[in-house]
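Colleague: I'd like a close look at a single part of this structure, if you have a moment. Here is what I have open on my screen.

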Amino acid sequence: MNYLLLIPATLLLLLVFGFPLIRYFWLSLHASSVLTGLEPIYNNGANWIRLISDGRFWQDLYQTSRFAVFSVGIEMILALVIALLLNNEWKSKQIYRSITLLPWALPTTIMALSWRWIFNTPYGPIDQILNLIGFNNLNILSNPSLAWVGTVIADVWKTTPFIALILLAGLQTIPVDLYEAFRLEGGSPKQSFLYITLPLLKPYLLLGLIFRLAQAFGVFDLIQVMTGGGPASSTESLAIYSYLNAMRFLDFGYSSTIMLASFMILIFVCLSAYIVTITITNNFRRYKL
Amino acid sequence: MTLTLENLGLCVQRNWIIRNINIEVQPGECLALLGPSGCGKSTTLRLIAGLDKPSEGSISLFNKDLKGISPVNRKIGMVFQSYALFPHLTVVENLALGLKVRGYSIAEQKRRISYVLELLQIATLRNRKPQEISGGQRQRIALARALLRDPLIYLLDEPMSNLDAQLREDLRPELRKLIISGDKPVIYVTHDQQEAMAISNRIAVLNNGNLEQIGTPQELYLKPQSIFVANFIGRPQINMFEPLDSIRIAVRPEDIYLDPDGIQCKLIYKEWLGQNQLLFFDTPKGTIRMIGDTALDIPSEPRITWKKQKEHHFSTKSGKRIS
């Protein structure tokens, strides 16, 4: 009887989440492109076989993972530092907190365009600074081996505040009494960070990590605007590759296969991230007794 | 002298939270800091613990000035009102963490922890987390942690205020046995005057950051030095009469009795207290409370009086006791 109340929510989830997924799966088993006149024709898993031998897919998977790992990793560490700073009792701390959140509030396309200009050679400030310290005409966004660093920097700038906000909320749930009691017992600031803050922040760290990994793994708008996946596809992500297949090559079958594959990889990545984080943070407090 | 607070004061943003606090605690004594919320009793405790720095005055423990000595080195066993147990650690881990950071060996940690777990009869809880045990049990863990500290002095900050009345009375003998009757001095912060009278040797009453009076429970009850103390100590509350010639007279409800030559009054309300009852009379001097075992019915119009020597006189100007 109680489960009846779950029906509306379940239906909604099935509609917006289950249906597209099933539709992707169905499409991935069909050829549906310009060659078939956009009519879906069952092709015996040819899309999946093509995916496995598609060098561009694996290259993009590597690039997407590289982007996700670096940007989320840097963001988590930076956000923890910022959250710890913002958690201090400061005069007019509300102002600092609002300022910190500003980058996150900007629409991605706008900030991506701004970053494209910041990295611009020869007019952008970054290029001028690099020139000053002796790196002439480095032109980061046009350099196939450096362009991804530019996108990571932009993503870190934009999304660190979001994680910092989550972690700050987490920090504020920890009662001050705990720190004072520990101080009376002889705990140093470093020990109270390791034994109190980190373990109690664990759920929030996990939340930030999973949220951001999922987001970074499906990155599209930032890269589309900043580099368009270039130069020489060096910043192309799986989402962009899938988009190209659907919208430029009009190959909906293969595009769905890429999306579905990256979705499954993402689930695997999030699960492993979850397990790894739990193991690491548990070790902070494990001692035999 | 074990603990001496001299002229202690704390000023935060030009507001004096407490000021001119002078208290001496004898060896083995339990001193209650009593007062309404916001009176500065917890602040005083935090200053002793070293969690806040005093703006003026000094604190000394065993004739050693505590200025500049870190909270750890003051060797203080503190029980927080919230118990401050670490929610992510089990009971044993909660107790062990302090020992661990103070550098005890694993064997020594085990020995000490088993000892207090036995002492407080909480060994069965050892692998539970704080949110999995009851409030009374949590309070015992907090006490166990303070005991493990092996401190020079115990500071208890409203240790019972999160427990229900029944549990509070049940835990009192235990608290007395374990901590209060030991040879170490105890400072016990509470806003409950009955608890303060039941548990301590002496009570310091604080109001608005000032020390109103310090003395034994009997002294405070029989000779309150100010209107505030008279009102705060003793339930049912003392009868305060309207001031006359800048003198305010107060009489305890139990000192009032029926007398044919007394003042005319009207019984308006009565509360059954069990052994006796609390009677409210409407009189020309205002409402008077009396404790009596007389079976009076509403409405009745008896006459009541009290002995002159049972009166407390206060100056309306200073609020202090006269004579």
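Which residue in E10(B) does B:Val205 stand opposite? Please take me through that part slowly, and then show me what surrounds it.

Modeller: Happy to! Please keep in mind that this is a predicted model. B:Val205 stands opposite B:Gln213 in E10(B). Next to that pair in the listing of partners comes B:Ala204, with B:Ile214 in E10(B) opposite. Both pairs belong to the meeting of strand E9 (residues 202-207) of chain B with E10(B), where five bridges join the two strands and the run is antiparallel. As a general point, strands of a sheet pair through backbone hydrogen bonds, either parallel or antiparallel. Another general point helps when you look at the side chains: in a regular strand they alternate between the two faces of the sheet.

Now follow the chain from one strand into the other. E9(B) and E10(B) form a hairpin, and two residues lie between them. In the turn you will find B:Asn208, which has a positive phi of about 50°.

Step back a little and the hairpin takes its place in an open sheet of six strands, ordered E6-E7-E8-E3-E9-E10 in chain B. The pairing in this sheet is mixed. Strand E6 (76-79) and strand E10 (210-215) of chain B are the edge strands, each pairing on one side only. From one strand to the next, the twist averages 15°.

Helices lie across this sheet too. Helix H4 (residues 135-148) of chain B lies across E6 and strand E7 (153-157) of chain B, and runs at about 175° to E6(B). Helix H5 (residues 165-180) of chain B lies across strand E3 (30-34), E7 and strand E8 (186-190) of chain B. The angle of H5(B) to E8(B) is about 145°.

H4(B) has a helical partner as well. The axes of helix H2 (residues 91-101) of chain B and H4(B) come within 10 Å and cross at roughly 25°. That angle makes H2(B) roughly parallel to H4(B). H2(B) passes H4(B) in a right-handed crossing. On the H2(B) side, B:Val91, B:Asn94, B:Leu95 and B:Leu99 meet B:Ile141, B:Ala144, B:Arg145 and B:Leu148 of H4(B). Sorted by class, this contact has six nonpolar, one polar and one charged residues.

For context, let me add a few words on chain A. Chain A has 12 helices and two strands, and its pattern along the sequence is α-β-β-α-α-α-α-α-α-α-α-α-α-α. Its C-alpha trace spans about 75 × 70 × 35 Å along the principal axes.

One helix pair there is worth a visit. Helix H3 (residues 55-86) of chain A packs against helix H7 (residues 147-172) of chain A at an angle of about 40°, with the axes 6 Å apart. H3(A) and H7(A) are therefore oblique to each other, and H3(A) passes H7(A) in a right-handed crossing. By class, the contact of H3(A) with H7(A) has 19 nonpolar, four polar and three charged residues.

Finally, a search of the whole structure finds 14 aromatic pairs over all chains. One of them joins A:Phe17 and A:Phe263: the ring centres are 6.2 Å apart and the planes are at 65°, so the pair is edge-to-face. This pair links distant parts of the chain, with A:Phe17 in helix H1 (residues 7-28) of chain A and A:Phe263 in helix H12 (residues 252-285) of chain A, 246 residues apart.

Terms used: Residues are numbered from 1 along each chain as its sequence is written. Chains are lettered from A and ligands numbered from 1 in the order in which they are written. This is a predicted model: local features need pLDDT of at least 70, side-chain atom pairs count only at pLDDT 80 or more; totals for chains, interfaces and linings use all residues. Side-chain values use heavy atoms; hydrogens and water are left out. Two strands pair if DSSP finds at least two bridges between them. Helices (H or I, at least four residues) and strands (E, at least two) are DSSP runs, numbered from the N terminus. Axes are lines fitted to C-alpha atoms, for helices over the stretch in contact, and angles run from 0 to 180 degrees between N-to-C directions. Contact means heavy atoms within 4.5 Å. Angles under 35 degrees count as roughly parallel, over 145 as roughly antiparallel, 65 to 115 as roughly perpendicular and the rest as oblique. A crossing is left-handed if the near helix is turned anticlockwise from the far one by less than a right angle, and right-handed if clockwise. Ala, Val, Leu, Ile, Met, Phe, Trp, Tyr, Cys and Pro count as nonpolar, Asp, Glu, Lys and Arg as charged, and the others, Gly among them, as polar. Rings of Phe, Tyr and Trp (its six-membered ring) pair if their centres lie within 6.5 Å; planes under 30 degrees apart count as stacked, over 60 as edge-to-face and the rest as tilted.
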